[in-house]
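Please open the structure in a viewer and keep the selection panel at hand. The tour below proceeds from one selection to the next.

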Amino acid sequence: MRVLDGAGRMVVLYGGAGAGKSTLLDAWVAARNGIMVDASGLRVSADGAVVTAGGVAVGGPLAVDGVTAADGALLRRLARRDCVVVAADEDPGVEEALRISAWELAFAEDETYQVLAGAFGDAEAADELAPDLHLLLHGWPALVALAGVWLAQHPAGERHQRLRNLARVEERLEEYLLGAVIDGLDDGDREVLRRLARVPAVDARLADRLDVTEDLAAVPPFMHGLSCRPGWFAVADSWRAAVVRALPMPEAEVAALRATYASEARRRAAGFVPRGPAE
């Protein structure tokens, strides 16, 4: 993240799925009070002014995910702005940008420590485990984020042994940790994730209308508040597909949920409910 902060120009993160691009973008915008959007939901004027599909003007740090070769014009306009980081599966070839490949995306040990400290709420406990966790996971952001939450779900006295056991897991670590973290959630948080992974974003009023929860809150590392829309929450794009796979939902229920969501969006757009429409 220090590299992203100090680039002084647009940064392009590129690499295949699972490289940690979206996870790093999530962490960067959360720490810098920025906004993260998909490239398909962004509009950039010729003078570099940025507006999201929901009509939100972006003046601070901006992360753009899902960039493709077809987004060349958008990238050239964004290149004029400070504090812009974009993610793509392949290098889009923006000459003005600082380009960082998947092999350079891994966290340093200090960043692994920061993730653990945030998950544990205990700097000393994080300092004890960070070196071994970093060595095991090679600093891959998605794995570090999952492992931090997973370890935090267990009593402090069990974490060293849990970490040693993790080194002996034979299946893919991302699949193992994803399942373990979701299993460790309480029933209410699992149901919130199951539903909200299938809609763009909600606030407390909308969550209540969707019969999702009356106590809307973050569910790390999957769901966080949107810094650009205080009071709104969304499952991060970097986790959405994985959460949908891990928490299946009957098609009829998905259709009903999305129909209610669309109906509420229309009501808000028509001015029946305060605040702007759901994205």
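Select Asp-211 to begin: with a relative accessible area of 63%, this residue is exposed, a word used here for values over 50%, whereas buried means under 20% and partly exposed covers the range in between (1.4 Å probe, protein chains only). The model is a predicted one, in which local features need pLDDT of at least 70 and side-chain atom pairs count only at pLDDT 80 or more, while totals for chains, interfaces and linings use all residues. Residues are numbered from 1 along each chain as its sequence is written, and side-chain values use heavy atoms, with hydrogens and water left out.

**The loop between H10 and S9**

Asp-211 lies in the loop between H10 and S9; helices (H or I, at least four residues) and strands (E, at least two) are DSSP runs, numbered from the N terminus. The backbone of Asp-211 deserves inspection, for its phi is near 60°, a positive value in a residue other than glycine.

Move next to Pro-221, which is placed in the loop between H10 and S9. The peptide bond that leads from Pro-220 to Pro-221 is cis, and its omega is near -5°.

**Aromatic pairs**

How many aromatic pairs does the structure hold? There are two; rings of Phe, Tyr and Trp (its six-membered ring) pair if their centres lie within 6.5 Å, and planes under 30 degrees apart count as stacked, over 60 as edge-to-face and the rest as tilted.

Select Trp-150 and Tyr-176 together. Their ring centres are 6.3 Å apart and their planes stand at 75°, so this pair is edge-to-face. Trp-150 belongs to helix H6 (residues 141-152) and Tyr-176 to helix H8 (residues 173-184), so that the pair links distant parts of the chain, 26 residues apart. Are the two partners buried or exposed? Trp-150 counts as buried at 4% relative accessibility, whereas Tyr-176 is partly exposed, at 29%.

Then select Phe-222 and Trp-239. With ring centres 5.5 Å apart and planes at 85°, this pair is edge-to-face. Phe-222 is found in the loop between helix H10 (204-209) and strand S9 (223-225), and Trp-239 in helix H11 (residues 237-246), so the pair ties together parts that are 17 residues apart in sequence. Phe-222 and Trp-239 are both buried.

**Arg-159 and its surroundings**

Select Arg-159, in helix H7 (residues 159-166). What lies beneath this side chain? Arg-159 sits over the face of Phe-120, at 4.1 Å from the ring centre; the criterion is NZ of Lys or CZ of Arg within 6 Å of the ring centre and within 35 degrees of the ring normal.

Arg-159 is buried yet has no salt bridge, and Asp-122, the nearest side chain of opposite charge, is 5.8 Å away. For this purpose Lys and Arg count as positive and Asp and Glu as negative, with His and the chain ends not counted. A salt bridge requires a side-chain nitrogen of Lys or Arg within 4 Å of a carboxyl oxygen of Asp or Glu.

Display the backbone oxygens of Leu-151 and His-154: the side chain of Arg-159 reaches the former at 3.1 Å and the latter at 3.2 Å. Leaving aside residues up to four places away in sequence, Arg-159 touches Phe-120, Ala-125, Leu-129, Leu-151, Ala-152 and His-154, where contact means heavy atoms within 4.5 Å.

**Salt bridges**

Side chains of opposite charge can pair when their charged atoms come close. A search of the whole structure finds nine salt bridges, and the following selections show some of them.

- Arg-99 and Asp-91 meet in a salt bridge at 3.3 Å, N to O. Arg-99 is partly exposed at 36%, and Asp-91 counts as partly exposed at 33%.
- Glu-158 and Arg-162 meet in a salt bridge at 3.4 Å, N to O. Glu-158 is partly exposed at 34%, as is Arg-162 at 30%.
- Arg-172 forms a salt bridge with Glu-175, the closest N and O atoms being 3.0 Å apart. Add Glu-174 to this selection: Arg-172, Glu-174 and Glu-175 are linked in a network of salt bridges.

**Last stops**

Select His-138, in the loop between helix H5 (123-137) and H6. His-138 has a phi near 55°, a positive value in a residue other than glycine, and is exposed with a relative accessible area of 54%.

Finish at Glu-95, in the loop between strand S7 (84-88) and strand S8 (98-101). Glu-95 counts as exposed at 69% relative accessibility. A distance drawn from the C-alpha atom of Glu-95 to that of His-154 spans 47 Å, the two residues being 59 residues apart along the chain.

Definitions and conventions
Polar contact = N/O pair within 3.5 Å; in protein donor to acceptor, adjacent residues only side chain to side chain.
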